[in-house]
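Hello,

Here is the structure I promised to pass on to you. Have a look at it first, and then read on for what turned up in it.

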2 protein chains.
Amino acid sequence: MTINKELMKGSTVILILTLLDRKPMYGYEMSKEMEKSSSGVLTLKEGTLYPILHTLESDGMVESYWSSGEGERKRKYYQITKKGQGLLKEKQREWISFRTAVDQVLGGGPA
Amino acid sequence: MTINKELMKGSTVILILTLLDRKPMYGYEMSKEMEKSSSGVLTLKEGTLYPILHTLESDGMVESYWSSGEGERKRKYYQITKKGQGLLKEKQREWISFRTAVDQVLGGGPA
DNA sequence: TGATTATACCTAGATATACGATGCATCCAC
DNA sequence: GTGGATGCATCGTATATCTAGGTATAATCA
């Protein structure tokens with residue numbers, strides 16, 4: 001089951017920051033992890049992911065470095081910064097507020 | 001408090017249909033009611049609302065009629081159709097699924 | 001009476017965002 | 001050595017929403 005993509009808008013950033021708040025990850029990994037973490041409901045396409053990562057990096061929300069493990073294939077890891085954690089907290093509050101409001105309207109019942 | 005507008009995308013249709021599922025309403029009324037129903041968190045701008053209503057109408061999800069009360073100002077009322085109620089049910093399921101998935105990712109904790 | 005405000009409808013253009021398509025390179029299994 | 005999975009990335013397109021504006025009527029108040 002895949003969600004109407006429009007619903008995803010506005011929530012991708014918080015989802016990405018949440019993944020990175022657990023541990024540094026590389027893009028491809030994040031894409032797979034998102035699907036796993038959400039039981040296959042949410043997908044994070046690469047065409048969506050990379051532009052957002054680059055924006056977050058230029059805004060100082062995440063930092064990146066290339067992996068240097070010997071014999072390993074090169075991977076670009078992203079990790080969240082202090083500033084990014086602040087943004088995450090803010091977005092978490094926003095999500096709760098939004099979710100609550102929608103549920104409130106949906107559950108309002110006949111007037 | 002106003003929500004990041006991007007979060008709204010994808011959920012406006014379900015919110016509009018929900019309001020109309022309670023009773024027929026006119027545009028301006030819906031705009032005000034949305035704010036009230038969500039405790040001021042969600043706003044439904046007219047520039048957003050009317051195009052959506054027109055689309056829903058041409059898709060047979062809602063029907064409209066002009067009010068004819070004597071001495072009353074003219075208002076265009078919208079009411080939900082059977083087909084619209086079907087769409088609403090579908091979108092409700094979708095919302096639950098989406099909300100659950102996001103909460104699941106956010107609440108995942110450190111890996 | 002005249003001016004201001006709230007109500008009530010609507011459209012056009014700008015903007016934002018996600019996705020599909022695509023490209024390139026590396027690594028592993030057969 | 002070929003194919004498929006991995007891994008990074010960009011570009012064009014589609015679509016939803018907002019800002020800003022336009023029109024008109026009713027109510028309120030000086």
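An N or O atom in the side chain of Thr48(A) sits 2.2 Å from a phosphate oxygen of DNA strand C. Please keep in mind that this is a predicted model, so that every distance here is a computed one.

Thr48(A) is also among the residues that come nearest to strand C, together with Thr12(A), Arg73(A), Tyr28(B) and Arg75(B), out of 21 around that strand. Chain B adds polar contacts of its own to the phosphates. The backbone of Tyr28(B) places an N or O atom 2.6 Å from a phosphate oxygen of strand C, and a polar side-chain atom of Lys76(B) lies 2.9 Å from a phosphate oxygen of that strand.

Which part of DNA strand C faces the protein within 4 Å, sugar and phosphate or bases? Sugar or phosphate accounts for 69% of the strand C atoms within that distance, and bases make up the rest.

As for the elements involved, α4 of chain A and α3 (27–37), α4 and β3 (76–80) of chain B each supply at least two residues of the surface near strand C. The most comes from α4(B), with four residues. By type, this surface has nine charged, seven polar and five nonpolar residues.

Now to the other strand. DNA strand D is surrounded by 23 residues, and the closest are Tyr28(A), Arg75(A), Thr12(B), Thr48(B) and Arg73(B). Of the strand D atoms within 4 Å of the protein, 70% are sugar or phosphate atoms, the others belonging to bases.

Three polar contacts are worth finding on your screen. A backbone N or O atom of Gly27(A) is 3.3 Å from a phosphate oxygen of strand D, while Lys76(A) brings a polar side-chain atom to 2.7 Å from a phosphate oxygen of the strand. Arg73(B) reaches a base instead: a polar atom of its side chain lies 2.4 Å from a base oxygen of strand D. The elements giving two or more residues to the surface near strand D are α3 (27–37), α4 (46–58) and β3 (76–80) of chain A, along with α1 (5–8) and α4 (46–58) of chain B. Here α4(A) has the largest share, four residues. The surface near strand D is made up of 10 charged, seven polar and six nonpolar residues.

Finally, a word on confidence. The mean pLDDT of chain A is 89, and 91% of the residues score at least 70. Among the elements of chain A, β3(A) has the highest mean, 96, and helix α1 (residues 5–8) the lowest, 84.

Enjoy exploring!

Note on methods. Residues numbered from 1 in each chain as written. Chains lettered and ligands numbered in written order. Predicted model: local features only at pLDDT ≥ 70, side-chain atom pairs only at ≥ 80, totals over all residues. Heavy atoms only, no water. Near = heavy atom within 4 Å. Polar contact = N/O pair within 3.5 Å; in protein donor to acceptor, adjacent residues only side chain to side chain. Nonpolar A, V, L, I, M, F, W, Y, C, P; charged D, E, K, R; others polar. pLDDT = per-residue confidence, 0-100.
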